[in-house]
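User: I am new to this structure and would like a close look at a single part of it. Please take one strand and describe its surroundings step by step.

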Amino acid sequence: FVLTENLVVRNNFSHDNNGPGLWTDIKNMNTLYEGNRTTNNTEGIFHEISYHAVIRNNTVWNDGNNNYGHHPEQDAGILIGESRDVEVYGNTVTNCRNGIIGRQLNRSQDAQVYHAESPFDLRNLSVHDNVITQESGMAAGISKPAARISDDIYSSWGNRFVNNTFKLSNPDGKYFTWNDNRYTLNEWQKMMKER
């Protein structure tokens, strides 16, 4: 979906695609993803270079299985890329390559091309009250693979992960990405409480 306003994507089953199962890309505003199921896609639900969205009460499993050259920490069950004011809650995400990931690339040229009202930045991402089951990869966090991206994405852009339930195959594994590092569940929960 491109250039939408007040889009509602509800009660769909998207599976076995060589691409995202459900994807909003380029200046979508006020999107709602609700009650969808996705599996066996390169990403399950992907909201990219867009604005306000709510992603709630979806069931996502075995997504993020991308063999087409993407970064291993970005392909996810739910991926928020360079978008602001997104709330993600009430979702069940099970055994995806990565669970729920925020991503920041340098999209300043895209903002100019598409005459964006504000930069395509990952700001005010609120991820809460989800259940994430993870055998490997990242369960949650923010990936910043591009050079020259401000570390403010971690400290002052309002991105937060709270009150999520994690079911991890290795309780001591480093399933969380933040500040360009990986962390255990205990380390992650401590960092999130201190924010």
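Which residue in S9 does Phe46 stand opposite?

Analyst: Phe46 stands opposite Leu79 in S9. The model is a predicted one, and what follows starts from the strand that holds Phe46.

That strand is S6, which covers residues 45-48. Its side chains point two ways: Ile45 and His47 go one way, while Phe46 and Glu48 go the other. All four of these residues are buried.

S6 has strand neighbours. One is S3, made of residues 22-25, which runs parallel to S6 and is joined to it by four bridges. Within this pairing, Leu22 has Ile45 of S6 as its bridge partner. Another neighbour is S9, made of residues 78-81; here too four bridges make the connection, and S6 and S9 run parallel. The pair of Phe46 and Leu79 belongs to this side.

Next comes Glu48, at the end of the residue range of S6. The Glu48 side chain meets that of Arg103 in a salt bridge, with an N to O distance of 3.2 Å. Arg103 is part of strand S12 (residues 100-103) and Glu48 is part of S6, so this contact ties together parts that lie 55 residues apart in sequence. Arg103 and Glu48 are both buried, and buried here means under 20% relative accessible area.

The contact also belongs to a wider set. Glu48 and Arg103 are linked with Glu82, Arg107 and Asp110 in a network of salt bridges. In total, the structure holds 13 salt bridges.

Two other salt bridges can be set beside the buried pair of Arg103 and Glu48. In one, the side chains of Asp121 and Arg123 meet at 3.3 Å, N to O. Asp121 is buried, because its relative accessible area is 13%, under the 20% cut-off. Arg123, at 25% relative accessibility, counts as partly exposed.

In the other, Lys144 and Asp151 bring their side chains together at 3.3 Å, N to O. Lys144 has a relative accessible area of 12% and is therefore buried. Asp151 has a relative accessibility of 48%, so it counts as partly exposed, exposed being over 50%.

To return to the strand: S6 is joined to S3 by four bridges and to S9 by four bridges, and Glu48 in S6 is tied to Arg103 in S12.

Key:
Residues are numbered from 1 along each chain as its sequence is written. This is a predicted model: local features need pLDDT of at least 70, side-chain atom pairs count only at pLDDT 80 or more; totals for chains, interfaces and linings use all residues. Side-chain values use heavy atoms; hydrogens and water are left out. Buried means under 20% relative accessible area, exposed over 50%, partly exposed in between (1.4 Å probe, protein chains only). Helices (H or I, at least four residues) and strands (E, at least two) are DSSP runs, numbered from the N terminus. Two strands pair if DSSP finds at least two bridges between them. A salt bridge is a side-chain nitrogen of Lys or Arg within 4 Å of a carboxyl oxygen of Asp or Glu.
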